[in-house]
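Got the model open in your viewer? Let's walk through it one selection at a time.

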Amino acid sequence: MMRQTGFKFAALCCCFMALAACSKKDQPTLDPGINGNGAGDGTGVGTAIPGSKGDFKTNVGDRVFFLNDQTSLSAEAQDTLTKQAEWLKRYSGVTVQVEGHADERGTREYNISLSARRATAARGFLISKGVAANRISSIAYGKERPVALCDAEQCWSQNRRAVTVITGGAN
């Protein structure tokens, strides 16, 4: 009898642990006072402070994508970069770095060169829209920092990108 009660108790504990493991985790807040990422409005409800990194990434968009072996900006990329330029002009103290990336195909040297041209294209577009050149640096990562890993177009297309990263001056 005692042994059967022990098994029931152990089974009950396992059920509770399984439920706890499957339960929804707390969503990270964007409030800067809690996690320090510079995004949030102090309410802890996931909204971004205007002029913050979270505002830029969430409300403007921090990346544009390219076709295979291309550096030309699509209409969608130009729209995103136009929004970035407007945001950067509104927050004139913010500095950014444009990161160029490529997919895994091709040699390291080729992909560094291609990603540099992608970063330069995005940077040049921002400058053409009125953002001061001294506020924008660029760097080429080639295929060294993929966001998606698989041997298929669905991953390669995510890795062919230019990402605008705030490096200073954000709220």
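Start with the lining of the largest pocket, whose residues split into 5 nonpolar, 4 polar and 2 charged. Keep in mind as you click around that this is a predicted model. To bring the lining up, select R63, V64, F65, F66, L67, Q70, S72, S74, E76, A77 and T80. Colour the chain by element as well: β1 (63-65) and α4 (75-90) are the ones that give two or more residues to this lining. The volume of the largest pocket comes to about 190 Å³.

**Stop two: helix α3**

Next, select residues 53-60, which make up helix α3. Which residues of α3 are buried? They are G54, D55, F56 and V60. Now show α4 and β4 (161-168) alongside, since those are the elements that the buried residues of α3 pack against.

Stay on the helix and pick N59, another α3 residue. Show its side chain together with that of D55: a polar contact of 2.7 Å links the two. Beyond its neighbours within four places in sequence, N59 is in contact with A48 and G54. Then try a distance label from N59 to K83, C-alpha to C-alpha; you should get 9.3 Å for a pair 24 residues apart in sequence.

Before leaving, step just past the end of α3 to G61 and check its backbone: this glycine takes a positive phi of about 105°.

**Stop three: D103**

Jump to D103, which is in the loop between β2 (95-101) and α5 (108-128). Is D103 buried or exposed? Its relative accessibility is just 4%, so it counts as buried, the cut-off for that label being under 20%.

What surrounds D103? Leave out its neighbours within four places in sequence, and the contacts to display are N68, N111, K143, W156, N159 and R160. Zoom in on R160 from that set: its side chain and the side chain of D103 are joined by a polar contact of 3.2 Å.

**Stop four: the disulfide**

How many disulfides turn up in a search of the whole structure? There is 1. Select C150 and C155 and you'll have it on screen, with the sulfur atoms 2.0 Å apart. As a reminder, a disulfide is a covalent bond between the sulfur atoms of two cysteines. Check the dihedral too: the angle about the S-S bond is 115°, and the link between C150 and C155 is right-handed.

Switch on a surface and look at each cysteine in turn. C150 has 23% relative accessibility, so it counts as partly exposed. C155, at 8%, counts as buried.

**Last stop: I139 on β3**

Finish with strand β3, residues 136-142, and pick I139 within it. The relative accessible area of I139 is 29%, which means this isoleucine is partly exposed. Ignoring neighbours within four places in sequence, display the residues in contact with I139: Q97, V98, E99, G100 and A119. For a closing distance label, join the C-alpha atoms of I139 and Q97: 7.2 Å separates them, although they are 42 residues apart along the chain.

How values were computed: Residues numbered from 1 in each chain as written. Predicted model: local features only at pLDDT ≥ 70, side-chain atom pairs only at ≥ 80, totals over all residues. Heavy atoms only, no water. Helix = DSSP H or I, 4+ residues; strand = E, 2+ residues; numbered from the N terminus. Buried < 20%, exposed > 50% of the residue type's maximum accessible area, 1.4 Å probe, protein only. Polar contact = N/O pair within 3.5 Å; in protein donor to acceptor, adjacent residues only side chain to side chain. Contact = heavy atoms within 4.5 Å. Disulfide = S-S within 2.5 Å. 1 Å grid on protein atoms, 1.4 Å probe; cavity = no way out; pocket = protein on both sides within 12 Å on 5 of 7 lines; lining within 4 Å. Points joined across faces, edges and corners; volume = space filled by probe spheres on them. Nonpolar A, V, L, I, M, F, W, Y, C, P; charged D, E, K, R; others polar.
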